[in-house]
Amino acid sequence: MAGRLSFANITALAPMVRVGTLPMRLLALDYGADVVYCEELIDIKMAQCRRVENEVLQTVDFVAPDDRVMFRTCEKEKQRVVFQMGTADPDRALAVARLVEKDVAAIDVNMGCPKEYSTKGGMGAALLSDPDKIEAILRKLVSGVSVPVTCKIRILPSLEDTLTLARRIEKTGVAAVAVHGRFKDERPRHPVHCDYIGAVARAVAVPVIANGGSLDLVKTHGDIQAFRAAAGASSVMLARAAMWNPSVFRSAGPLPLHDVMIQYLKYALRYDNHAFNSKYCLCQMLRDKVESALGKRVQAAQNNQELSEAFDLVAVFEETQAALEARRDALQSPERRRDHVIAVDGDVTTMALKFQRREYPPQLTPKMFLLEWSRRQKLEQPTYQTVQRAQDRGFQSTVTVENRKYRSSLWEKSKKFAEQASAVVCLRARGIPESRVGQENGGRPHKRKTEDGRDVGQEKRKKQAGDGERETGGS
Ligand code: FNR
């Protein structure tokens, strides 16, 4: 199929927990990687995530119920990023694959992780001894999503068993198999078994991606070719060599590490990467220099600003913050709000907007504006009807005012937010300035009651005590 990611003759950034987040993936692509894998993400956690289009960062975020961004991706990598998941359950794997499939180039299943947290749940390398489960997961994914599906395995103690497994995997319809040339019990310091990888590459017709060469074989871009030849596979996947210096993908040779770290940090700032994650990646790059003066500053940094100071990037930090702030403001401009109207269909008005909590003081929510306005117009109290959908557990509310219905086409993470979003739609569609309530009362909000009739002062005190919901999107 045209446009589908090909895994033949590629060099890839391997999946790496904590390392394979957005800044590292974009950097690897800049330096010449053809394909980039994200860190392994566990199906149970991903299944709880909501897909959020983060308009400020221009990313797509998959956000957990506690508002943590589990997976952040962007247009720049869309054709090249492989989403790797940890799973032991075909149905859950499919649900997660469907959640992300429009935003990624392929789906991969991790079948090589030997760590207990993975294997005890039947995931990772535990799958290697359950080929029926492997087959069930891969078949379900291949038939259920529109993007290519791959898997990453380790080799089995017997070559014959390894080949039998690889052939069985191939029959499921996967687009490629990545082979980490180590046995389940071998550690990263053990030499890689290129002979096994080569035998798998000869046994199957789908592309085989050789992996495991970072320590003893691949130091520079030139070594990638040597590893490819030694492993007899058309494609290569690098983990540690890329983690230590992602410019290993550069055909013109690696760049000085300090320059690479600066580029990394610029991406981290641009995409609001969590500072502790950036710090971790920078420490991996520093390696034995982690105790140097720079290393100590990086280790001591508690936020992006302090990381920027360590690299003399304060000006870049400030510019990036200003640019993001400007975009945030533009997104909230009145012109932009008018653009939100997408449909008036019979008695239903729909707009595409999210409830932005920061736009409202805690004691003056859109629901309260609307209630107050309705009372003054001597209308019946607005009524809210909320539905929840299964795929991402998102909520959508419809508010009815004077027999007209108002709703947002964007689904919210909670019933509370969905109701607020529908109230905003109603206020904007009816041209009720959202600040008018306070202005009409001499600039003071003249609400005495909350939207469900409780005392405003009480509500405010509750909010201050920390019962509010946090913003999503990490921007
Ligand atoms: C890994 N590896 C790994 N593998 C995987 O399938 N999913 C993952 O999330 C991770 N996470 C991870 C984190 C870190 C920090 C390292 C170093 C490794 C294994 C990795 O993809 C690869 O198979 C091995 O490191 C061998 O390849 P190299 O390092 O020799 O190129």
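## Surface and burial

The accessible surface of the protein chain in this predicted model amounts to about 21,200 Å². Carbon and sulfur atoms account for 49% of that surface. The chain has 475 residues, and 53% of them count as buried.

## Fold of the chain

The protein chain contains 19 helices and 17 strands. Contacts between residues at least 6 apart in sequence can be sorted by their separation along the chain: 66% of them join residues at least 24 apart.

## Surroundings of the ligand

The ligand is surrounded by 18 residues. Those that come nearest are Gln 84, Lys 152, Asn 211, Ser 214 and Arg 240. Sorted by class, the shell around the ligand consists of seven nonpolar, seven polar and four charged residues.

## Polar contacts and cover

Which parts of Glu 40 and Gly 212 does the ligand approach with an oxygen atom? For Glu 40, a polar backbone atom is 3.2 Å from an oxygen atom of the ligand. For Gly 212, the partner is also a polar backbone atom, and the distance to an oxygen atom of the ligand is 3.3 Å. With Asn 211, by contrast, the side chain takes part: one of its N or O atoms is 2.5 Å from a ligand oxygen atom.

On its own, the ligand has 600 Å² of accessible area, and the protein covers 84% of this. Two elements give two or more residues each to the shell around the ligand, namely strand S10 (176-183) and helix H9 (240-244). Arg 240, one of the residues that come nearest to the ligand, lies within the range of helix H9 (240-244).

Definitions and conventions: Residues are numbered from 1 along each chain as its sequence is written. This is a predicted model: local features need pLDDT of at least 70, side-chain atom pairs count only at pLDDT 80 or more; totals for chains, interfaces and linings use all residues. Side-chain values use heavy atoms; hydrogens and water are left out. A residue is near a molecule or strand if one of its heavy atoms lies within 4 Å of it. A polar contact is a pair of N or O atoms within 3.5 Å; within protein, one must be able to donate a hydrogen and the other to accept it, and residues adjacent in sequence count only if both atoms are side-chain atoms. Accessible areas come from the Shrake-Rupley method with a 1.4 Å probe; for residues, only the protein chains shown count as cover. Helices (H or I, at least four residues) and strands (E, at least two) are DSSP runs, numbered from the N terminus. Ala, Val, Leu, Ile, Met, Phe, Trp, Tyr, Cys and Pro count as nonpolar, Asp, Glu, Lys and Arg as charged, and the others, Gly among them, as polar. Buried means under 20% relative accessible area, exposed over 50%, partly exposed in between (1.4 Å probe, protein chains only). Contact means heavy atoms within 4.5 Å.
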